[in-house]
Amino acid sequence: MNTNTTIKKDAQIAWNNGNKIEAYRIAWQLPINELYNWLTKNKKRLFFSKEFYSDFLTSQNANWLQNPHSHLLIEYYFSKKWFIETFESFLLYNRPQHYIDFVKSSFGFLNTERLTFLNNLKGISEDLKEEIDKWNYFFAQHNDSWQAVVLYFDNSKEDGLDLLLALIVAFESRYYEIKSAEDIQYSGDALSLLIAYIQHKNLIDFSKTPEIEVINKKYFSILSKNEHESLFLFGLAYIQTRENIIRYALEDGLQMKMMGSSEFSFIESEKFNKQWHKDGVLYARNEEIYDAYGRIIARNLEEREEIKYVNNIHSVENKEANTKLVSIDMALSDLGLLDKDIPNNRPKLNHLTTFLNLLGKSKFEKQVKPLLSFKVSTPNITYKQAFINRMLELEGIGIEPLLMSKPSILSKIATGSGNPITENEMNNLIKDFSFDWCTKDFDPFNMPLSMWQKPFLRLGTLVVSPIGIISAFSGLYTITESILKNYTPKDGRVIEQILKNYLIRWDDVWKVNTNWQEDNGIKNGDADVVLEDNEYIVLMQLKRTSQKINLRQQLAQVPQDRKAISQLTKAQNHLIKQGEKRIIKLWYVTTAMEKIGVVENGVIRVNYQEILHLLRSSELERKDFLNLKNFIVKIEQ
């Protein structure tokens with residue numbers, strides 16, 4: 001039995017005997033990273049309690065803060081939303097800047113107890129005073145902007161359905177202005193937040209089915225009077241405040257300048273903005289490449305008369321829809337999502353993507369596009385005016401204020417268009433993709449869902465979705481991210497095999513394998529894919545993850561990033577100890593496109609899809625990659 005095993009055994013005995021502090025004292029002999037892994041991954045054994053921080057850590061020599069893994073203990077503390085005055089005083093005294101950084105990155109300044117503690121401190125540095133002023137400002141802004149929403153609901157005597165429809169009208173009005181992609185995103189988030197609060201307060205009995213005609217009359221009445229628009233604007237103001245807080249806490253290089261007690265300005269980092277722009281370009285280019293493949297594959301299927309058109313109509317719109325569907329299916333296939341990942345009694349994956357895409361595209365073509373056409377002659381026309389104009393054009397027939405249907409009808413429409421989905425499958429699909437966030441304690445700052453991922457609302461047997469939301473489900477990222485949000489791939493090694501298959505060279509210019517741990521042992525790091533020739537060896541860690549559309553999502557990715565980088569550096573050190581003389585390259589291969597090309601601890605971040613695109617492109621036929629060196633240069637450039 002090795003030393004660490006003995007330590008864990010003795011610590012567990014002390015813990016079982018009810019002596020927490022003695023258990024921690026024994027366990028403290030472990031390396032901090034091993035202590036952290038042991039206490040956080042074994043629920044039936046020791047765990048980090050408040051006493052670990054309040055009584056044990058504060059009694060230890062502060063030298064542990066110098067340990068390169070000390071951040072794990074501090075991050076865990078802040079992740080639990082605790083406030084322990086003795087521990088925070090300990091951190092402030094020994095590592096004041098570290099304390100500031102941890103409070104910021106965890107949004108700990110939104111905690112009332114902590115802020116009271118900090119405001120009562122005496123003899124603190126000017127830097128900390130300045131930071132506390134910012135924390136007080138954002139605390140007040142956050143509370144005030146959310147309280148405006150709460151008070152509106154508390155003072156409103158309106159029927160819950162009226163409030164829901166009023167919020168959708170306000171969202172559609174804002175969406176129609178098309179101020180920016182960012183504003184559309186925020187508007188959808190505001191709508192999601194306010195609907196979630198309606199659900200939380202049980203203002204609507206979502207088990208009852210309202211008449212469609214009743215919804216239509218209410219919608220038109222609200223539209224003509226602009227009722228409750230201020231509630232939506234309160235929600236949007238909260239979302240914008242929340243985004244400012246997130247930027248302040250997490251955006252690299254951002255400086256905040258207070259101008260009096262109620263105003264501030266952000267001074268942005270040029271380096272950060274360049275990287276953010278680069279990330280956006282990569283996402284756009286990736287979609288363009290998938291669309292190009294979609295056109296090629298769809299054209300080939302058409303030439304072989306193997307392609308199916310909606311209702312067998314060979315229109316330009318249907319050809320475009322087929323092209324997009326092929327590109328979406330290809331993107332999901334590259335991400336390793338399979339039919340077996342979809343729960344039972346749901347449509348198969350290609351039927352699911354076809355349904356969402358055709359529904360979204362249909363609503364855009366029939367509802368959104370005609371309304372936007374009025375902007376050509378009247379750029380400043382409002383949603384209300386455009387909607388009335390459209391009603392006059394159609395004489396009130398065929399215009400939908402929002403998607404309203406039933407699973408049985410949607411099933412018949414899908415099946416009738418050549419996309420067979422049973423009523424039971426459709427009902428389960430709608431349930432999976434319905435927005436519903438009811439929690440005991442409503443926390444607007446940490447709401448994880450959005451209608452951009454779950455576009456439907458269920459009112460009894462009626463399926464409802466705002467047109468501005470569901471019409472977005474014709475795009476590659478909206479559909480793929482929504483599907484991945486609702487159905488998690490079960491086999492994490494699928495993308496390893498996909499990449500390996502693409503990397504295999506028939507001429508043996510390089511070798512590829514996926515057996516690192518079998519060949520080198522689990523203690524010597526890990527590489528999901530290894531690529532090598534006589535001059536180079538490339539170690540790759542693959543991580544399948546979602547698109548990171550904001551800084552908070554990127555922060556949540558950090559532990560996974562650290563693990564991948566750690567595994568690669570361990571593998572590299574193992575090779576060096578074994579006498580490896582070849583040039584070792586470390587690639588963190590991710591399905592996300594943020595920070596591609598960034599190097600951390602000798603590990604370069606590489607995009608998975610870009611490798612696939614490159615390997616299956618015609619560039620290979622031009623012999624750009626005569627050897628592994630050329631391939632490395634191409635990927636890392």
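# Questions about a predicted model

Visitor: Which residues touch the most other members of the largest nonpolar core?

Guide: A nonpolar core is a set of buried Ala, Val, Leu, Ile, Met, Phe, Trp, Tyr and Cys residues joined through side-chain atoms within 4.5 Å. Buried means under 20% relative accessible area, exposed over 50%, partly exposed in between (1.4 Å probe, protein chains only). The largest core holds 158 residues. Those that touch the most other members are Phe 52, Tyr 53, Trp 64, Phe 109, Phe 355, Phe 456 and Ile 483.

Visitor: Which helix gives the most to this core?

Guide: Helices (H or I, at least four residues) and strands (E, at least two) are DSSP runs, numbered from the N terminus. One helix, residues 160-177, supplies twelve residues, the most to this core. That helix is α10.

Visitor: How many residues does the other core have?

Guide: Another core lies apart from the one just described. Val 494, Ile 498, Ile 604 and Tyr 608 are among its members. The number of residues in this other core is 26.

Visitor: What kind of model is this?

Guide: Residues are numbered from 1 along each chain as its sequence is written, and side-chain values use heavy atoms, with hydrogens and water left out. Local features need pLDDT of at least 70, side-chain atom pairs count only at pLDDT 80 or more, totals for chains, interfaces and linings use all residues, and the model is predicted.

Visitor: How many residues of helix α21 are buried?

Guide: Helix α21 spans residues 476-486 and is mostly covered. Its buried residues include Leu 476, Tyr 477 and Ile 483. Of its eleven residues, the number buried is nine.

Visitor: At what angle do helices α3 and α5 pack?

Guide: Axes are lines fitted to C-alpha atoms, for helices over the stretch in contact, and angles run from 0 to 180 degrees between N-to-C directions. Helix α3 covers residues 32-41 and helix α5 covers residues 70-79. Their axes are 8 Å apart. The angle is about 35 degrees.

Visitor: Which residues of α5 do those of α3 meet?

Guide: Contact means heavy atoms within 4.5 Å. From α3 come Ile 32, Asn 33, Tyr 36 and Thr 40. In α5 they meet Ser 70, Leu 72, Leu 73 and Tyr 76.

Visitor: Is Arg 616 buried or exposed?

Guide: Arg 616 sits in the loop between α25 (608-615) and α26 (628-636). Its relative accessibility is 19%, so Arg 616 counts as buried.

Visitor: With which side chain does the side chain of Arg 616 make a polar contact?

Guide: A polar contact is a pair of N or O atoms within 3.5 Å; within protein, one must be able to donate a hydrogen and the other to accept it, and residues adjacent in sequence count only if both atoms are side-chain atoms. Not counting residues up to four places away in sequence, Arg 616 touches Tyr 290, Tyr 293, Met 330, Asp 334 and Tyr 502. The polar contact, at 2.8 Å, is with Tyr 502.

Visitor: Is Lys 271 buried or exposed?

Guide: Lys 271 lies in helix α14, residues 270-303. With a relative accessible area of 71%, Lys 271 is exposed.

Visitor: Which strands stand at the edges of the six-stranded sheet?

Guide: Two strands pair if DSSP finds at least two bridges between them. This open sheet has mixed pairing and the order β6-β7-β8-β9-β11-β10. Each edge strand has a single partner, so one side of it is left without a neighbour in the sheet. The edge strands are β6 (511-513) and β10 (599-600).

Visitor: Which residue in β11 is the bridge partner of Trp 587?

Guide: Strand β9 (residues 583-590) is parallel to strand β11 (residues 603-607), with four bridges between them. Towards β8, β9 is again parallel, over eight bridges, and there Met 540 stands opposite Trp 587. In β11, the partner of Trp 587 is Ile 604.

Visitor: At what angle does helix α24 run to β9?

Guide: Six of the eight residues of β9 are buried. Helix α24 (residues 551-577) lies across β8, β9, β10 and β11. Its angle to β9 is about 160 degrees.

Visitor: Which residue in β5 stands opposite Ser 405?

Guide: An open, antiparallel sheet of three strands has the order β3-β5-β4. Its edge strands, β3 (403-405) and β4 (457-459), each pair on one side only. Three bridges join β3 to β5 (residues 462-465). Opposite Ser 405 stands Val 463.
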